[in-house]
Amino acid sequence: MKPSCFPARLALFAFALCSLSALTLPAQGQRRGAPEPPTGPWKNTSLSPDERADLVLKEMTLDEKIALIHGVGMPTDDPVTPENAPSNRGVGYAVGVPRLGIPGIDMSDAAYGVRSSGANGRYSTALPANVAAAASWDTDAAYEYGALIGRELRAQGYNMSLGGGVDITREPRNGRTFEYLGEDPILAGTLVARLIEGTQSAHVIGDIKHYAFNDQESGRTSGDAAIDHRAAHESDLLAFEIGVAKGHPAAVMCSYNRVNGDYACENKWLLTDVLKKDWQFPGFVLSDWGGTHSTEKASAAGLDNEQPGKFFYSDKYKEAVEAGRIPMAELDEHVHRILRSMFAAGVVDYPRQRSVVDPFAGFEVSRKVEEGGIVLLKNERGALPIDATKVRSIVVIGAHSDVGMISGGGSAQVDPIGGNAIAPPGKGATRWQNQIWFPTSPLKAITERAANAKVTFDPGVDPDAAAAAAKGADVAVVFAYQWESEGMDLPSLALPKYKNGDTEVDQEAIVAAVAKANPHTIVVLETGSPVTMPWVDAPAAILEAWYSGSDGASALGNVLFGTVNPSGKLPNTFPRADADLPHPTISKPTVTHFDNAASQEERAKGLPAFPVSYDEGLKVGYKWYDAENKPVLFPFGYGLSYTTFGYSGLSVTPGDTVKVTFTLANTGAREGKEIAEIYAALPASAQEPPKRLVGFSKVKLGPNETKQVTVEIDRKYLSIWDEAKNVWSLLPGEYTFLVGGSSDKLPLKATVSLQ
Ligand code: BGC
């Protein structure tokens with residue numbers, strides 16, 4: 001390896017050279033004069049991943065086994081060492097077993113695209129935030145989303161993704177809401193499974209995370225989530241259960257927090273009883289970064305791999321094995337799981353190999369996911385779509401919409417190609433918790449589509465100036481944003497005020513002033529979480545565009561001008577006020593830092609626990625508002641289209657799965673896609689919230705077209721968790737199925753008896 005390829009953060013030019021030389025070298029093992037790659041009976045692809053893993057395991061020394069169960073730091077930030085030198089400078093690396101031809105595990109964060117790409121002089125597509133993909137309710141789009149991430153990881157030289165976030169939106173102010181897939185476990189679980197299938201199709205290890213109940217960021221490393229087992233299984237755990245069963249992720253990342261007393265990464269109930277025994281998860285569990293807190297306890301509980309370092313799972317682990325405190329069989333079990341997952345995902349048979357990323361393909365996938373995920377929340381007075389042949393003047397206002405669109409921060413952050421749109425040239429590097437705006441310009445996208453109009457821009461800093469700019473224009477499009485990131489929670493769901501130089505910008509006041517000045521005002525929201533809207537009645541139209549990815553402005557332009565008919569629906573309820581949430585204020589820790597005198601050992605063991613009560617239990621999201629009879633601003637599953645849909649002819653056929661059949665009609669003159677939602681009300685004896693989502697289908701219909709739709713419902717989705725027997729149980733009784741286009745508008749109803 002040329003020394004000029006390191007350290008990680010050299011100038012872009014040096015890295016272009018570095019990548020180029022990697023590209024022009026023959027594939028590993030084929031270099032002229034190089035020794036043949038190590039081989040052995042485990043290379044036989046007709047054997048199962050488990051058989052192959054056992055064959056490798058038999059050959060391994062104790063040191064080799066130990067080397068596989070921990071990381072070697074964070075190559076992104078650390079200097080080059082002999083251990084991390086073969087890595088791709090991602091956020092984690094496990095060294096593999098080079099002597100036996102088992103490659104290192106080279107990990108990159110990849111929630112909505114490959115992280116640390118710009119910093120490493122490489123290209124990476126930013127998809128819309130995961131919550132936008134959830135809003136598409138589109139299982140094929142979820143697969144494409146994951147497949148793009150897998151392809152780009154592989155092209156960049158990684159073989160493991162740290163994506164697949166599926167903690168459900170129990171606390172919508174959670175700063176990572178944008179990284180997750182909404183408040184419903186069946187929707188989130190179904191989508192994460194497809195995402196993982198997509199990622200792993202590129203021979204990259206996929207993971208789902210953060211297991212479990214990491215539903216807020218405040219005090220995430222010390223909070224102790226208290227929840228009873230029934231509520232746990234029927235809410236957050238169900239999303240993971242579906243993800244594991246249907247997506248077959250090779251890995252699961254345990255979370256930072258404690259659950260019912262024990263850290264998630266040393267929680268026997270979570271890791272062994274539920275994940276490995278009940279769900280039969282054959283893969284490996286790795287800790288969140290710094291989320292390991294013990295050796296013997298974590299190992300016995302089921303943690304297979306410590307990341308990113310080796311505080312508990314290296315020398316201490318070896319000593320514990322040699323002293324007989326950890327049986328060799330327990331270590332072998334961890335090693336077996338890691339190896340079998342490497343074989344199952346294909347990282348041994350298809351060694352990581354850099355190639356050129358296709359940015360055009362990336363932009364197209366990204367744009368399509370966004371087009372399917374934008375949610376039309378309000379559309380009055382025919383405000384949308386904008387008629388490009390008639391409109392003569394448009395004013396675009398606020399939220400840097402002249403140059404870019406915001407993205408979600410933290411370890412999910414993807415580096416924008418071309419740098420941060422609002423930073424001076426050359427100052428575009430992404431830093432932890434910087435607000436990063438992608439250089440995808442709504443102003444440009446609107447101007448390109450409005451050939452006959454004069455399009456002007458106002459920065460949306462002063463309400464009077466914005467109102468004056470909007471007055472008299474045919475259309476005013478006002479942008480507002482709410483930025484969020486890992487490592488923080490939102491203080492409120494209200495649109496935040498922000499600083500522009502010395503001026504404090506009051507976004508709510510801007511929206512209200514513009515809408516008052518112009519009856520044809522369209523509000524575009526760029527948010528990861530739901531937004532409260534005291535101003536909701538004022539504008540003619542509202543679009544939720546989420547964090548829209550590399551080509552967000554094109555997708556938005558296509559929806560604004562009707563080239564694309566919006567078809568997204570909310571994966572999270574938009575409440576009227578913070579006060580309506582199960583917990584009006586987020587619980588916060590009292591101790592947030594270690595004492596200066598704290599030893600490394602004390603720090604590794606973690607901060608004192610503080611209680612995070614999840615006493616709303618399984619009443620997450622719409623289940624809470626339904627059960628508490630609280631009106632909401634926009635309900636779960638809600639979203640408008642430029643056409644209209646009709647539902648009729650419901651029939652429900654019990655069986656091994658329950659078949660729900662109905663007729664869906666496009667009753668308008670424009671092609672569109674409808675997300676048909678199926679809910680079930682369980683028998684009263686189940687003591688459940690009024691209804692739960694049990695199935696859905698996204699259907700494309702031409703103008704006036706009618707289709708018969710059948711959705712098969714897994715009986716587990718109609719069951720409750722029997723805490724005494726520790727199983728899912730379908731209670732005999734009357735089940736009412738409700739079908740329609742939003743959780744609050746379900747015109748079809750049929751009751752059947754299920755045994
Ligand atoms: C995050 C994980 C991430 C890891 C590595 C942690 O802080 O919680 O989601 O994968 O860092 O960057």
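**View 1. Three bridges join β4 to strand β6 (residues 251-254), and the two run parallel.** Welcome to this predicted model, in which local features need pLDDT of at least 70, side-chain atom pairs count only at pLDDT 80 or more, and totals for chains, interfaces and linings use all residues. Residues are numbered from 1 along each chain as its sequence is written, and side-chain values use heavy atoms, with hydrogens and water left out. Strands (E, at least two residues) and helices (H or I, at least four residues) are DSSP runs, numbered from the N terminus. Across from A251 in β6 stands D207.

**View 2. β4, β6 and β9 form an open sheet of three strands, in the order β4-β6-β9.** The pairing here is parallel; two strands pair if DSSP finds at least two bridges between them. β4 and β9 (284-287) are the edge strands, each with a single partner, so one side of each has no neighbour in the sheet. From one strand to the next, the twist averages 25°. Such angles are taken between lines fitted to C-alpha atoms, for helices over the stretch in contact, and run from 0 to 180 degrees between N-to-C directions.

**View 3. Three spots in the backbone invite a look: H210, P308 and H203.** The peptide bond from K209 to H210 is cis, with omega near -10°, and H210 has its place in strand β4 (residues 207-211). A cis peptide bond also leads from Q307 to P308, with omega near 0°. You will find P308 in the loop between α10 (296-301) and α11 (315-322). H203 is not a glycine, yet its phi is positive, at about 60°. Look for H203 in the loop between α6 (185-200) and β4.

**View 4. The ligand is surrounded by 14 residues.** To count as near the ligand, a residue needs one heavy atom within 4 Å of it. D109, R176, H210, D288 and E486 are the closest. The shell is made up of five nonpolar, two polar and seven charged residues. In this grouping, Ala, Val, Leu, Ile, Met, Phe, Trp, Tyr, Cys and Pro are nonpolar, Asp, Glu, Lys and Arg are charged, and the others, Gly among them, are polar.

**View 5. Side chains of D109, H210 and Y256 meet oxygen atoms of the ligand.** A polar contact with the ligand is a pair of N or O atoms within 3.5 Å. For D109, a polar side-chain atom lies 2.4 Å from a ligand oxygen. An N or O atom in the side chain of H210 is 2.7 Å from an oxygen atom of the ligand, and for Y256 the distance is 2.9 Å. The protein covers 95% of the 310 Å² of accessible area that the ligand has on its own, as calculated by the Shrake-Rupley method with a 1.4 Å probe.

**View 6. A mixed, open sheet has six strands in the order β10-β19-β18-β15-β11-β14.** β10 (375-379) and β14 (454-458) stand at its edges with a single partner strand each, so one side of each is left free of a neighbour in the sheet. Neighbouring strands are turned by 15° against each other on average, direction ignored. Inside the sheet, four bridges join β18 (residues 521-527) to β19 (residues 541-544), and these two run parallel. L525 has E544 of β19 as its bridge partner.

Technical notes. A polar contact is a pair of N or O atoms within 3.5 Å; within protein, one must be able to donate a hydrogen and the other to accept it, and residues adjacent in sequence count only if both atoms are side-chain atoms.
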